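User: Could you take one part of this model and walk me through it closely? I'd like one connected story rather than a list.

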Amino acid sequence: MARVIHVFRRPDRFVAGTVGEPGDRAFYLQAIESSRTISVLLEKQQVTVLAERITALLGEVAKRFGEENLRESADAAASPRSDTDPLAVPLEEEFRVGTMGLGWDADSSSIVVELLAVTEEEIDESVVLDDTEEGPDALRVFLSPDEAKAFADRAEKVVSAGRAPCPLCAEPLDPEGHVCVRLNGYHDRNPVAETE
């Protein structure tokens with residue numbers, strides 16, 4: 001079967017979001033352009049890495065090519081507002097993300113995000129950000145620097161909206177309690193109260 005590459009050159013929306021309660025959340029990236037919506041499933045760590053790499057790429061582009069390459073063109077829309085809306089429904093997963101690619105398109109002054117479907121075969125790196133007919137299905141999104149920054153900011157908020165970390169071991173705290181490895185498995189984190 002031929003490879004399908006979903007390309008969004010001017011997305012109305014590209015966001016990270018979740019479904020479920022903290023501790024049992026599924027993470028999605030969703031691209032919307034006109035009446036077309038594509039949602040892909042991925043891991044929390046992949047969302048974190050993508051947000052960090054986008055931020056780093058924006059910094060690198062500014063350093064190499066100057067801040068003017070990060071500014072919107074005069075005919076571009078105003079800076080995107082902070083998007084706090086939930087994911088669009090119905091939420092239909094197109095594929096689970098395996099490999100991610102990121103690049104800078106100097107012609108359109110855009111960050112290019114490419115998400116490739118999980119595959120059992122090893123992926124040849126040449127298929128990332130390429131239109132070859134062989135390879136896994138992909139979602140390719142072009143983002144202005146402002147849109148890329150807005151995506152990274154929201155992604156970081158989505159990831160951090162989960163369970164609070166334990167102040168001793170940094171593992172997520174559950175509402176039912178937490179067996180902290182730093183306390184050798186004891187639940188009580190206030191041993192002073194027992195000695196009084």
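**From a serine in a loop to helix H1**

Analyst: Ser34 has a relative accessible area of 64%, so it counts as exposed, the cut-off being over 50%. Bear in mind that this is a predicted model. Ser34 sits in the loop between E3 and E4, and its phi is near 55 degrees, a positive value in a residue that isn't glycine. That's worth a second look because most residues other than glycine have a negative phi.

Both of the strands joined by that loop turn up again with helix H1: E3 (26-33) and E4 (36-42) are among the elements that cover H1's buried residues. So which residues of H1 are buried? They are Gln46, Val47, Leu50, Ala51, Ile54, Leu57, Leu58, Val61 and Ala62. Looking down the axis of H1, these fall within an arc of 140 degrees, so they line one face of the helix. The general reason is that an α-helix has 3.6 residues a turn, so residues three or four places apart point the same way. Over on the other side of H1, Gln45, Arg53, Lys63 and Arg64 are exposed.

The rest of the cover includes strands E2 (13-19), E5 (93-105) and E6 (110-117), along with helix H2. H1 (residues 44-65) and H2 (residues 145-160) pack at about 145 degrees, their axes 9 Å apart, and H1 passes H2 in a left-handed crossing. From H1, the contact uses Lys44, Val47, Thr48, Leu50, Ala51, Ile54, Thr55 and Leu58. From H2 come Pro145, Ala148, Lys149, Phe151, Ala152, Ala155, Glu156 and Val159. By type, the residues of this contact split into 11 nonpolar, 2 polar and 3 charged.

As for length, the 22 residues of H1 should span 32 Å at 1.5 Å a residue, and the end C-alpha atoms are 32 Å apart, so the two agree. Just after H1 comes Gly66, with a positive phi of about 95 degrees. Further on, in the loop between H1 and E5, you'll find Pro90. The peptide bond from Val89 to Pro90 is cis, with omega near 5 degrees.

Finally, there's another serine to set beside Ser34. Ser109 lies in the loop between E5 and E6, and although it isn't a glycine, its phi is positive, at about 50 degrees. Where Ser34 is exposed, Ser109 counts as partly exposed because its relative accessibility is 26%.

Notes. Residues are numbered from 1 along each chain as its sequence is written. This is a predicted model: local features need pLDDT of at least 70, side-chain atom pairs count only at pLDDT 80 or more; totals for chains, interfaces and linings use all residues. Side-chain values use heavy atoms; hydrogens and water are left out. Axes are lines fitted to C-alpha atoms, for helices over the stretch in contact, and angles run from 0 to 180 degrees between N-to-C directions. Helices (H or I, at least four residues) and strands (E, at least two) are DSSP runs, numbered from the N terminus. A crossing is left-handed if the near helix is turned anticlockwise from the far one by less than a right angle, and right-handed if clockwise. Contact means heavy atoms within 4.5 Å. Ala, Val, Leu, Ile, Met, Phe, Trp, Tyr, Cys and Pro count as nonpolar, Asp, Glu, Lys and Arg as charged, and the others, Gly among them, as polar. The expected span of a helix is 1.5 Å times one less than its number of residues. Buried means under 20% relative accessible area, exposed over 50%, partly exposed in between (1.4 Å probe, protein chains only). The arc is that of the directions from the helix axis to the C-beta atoms.
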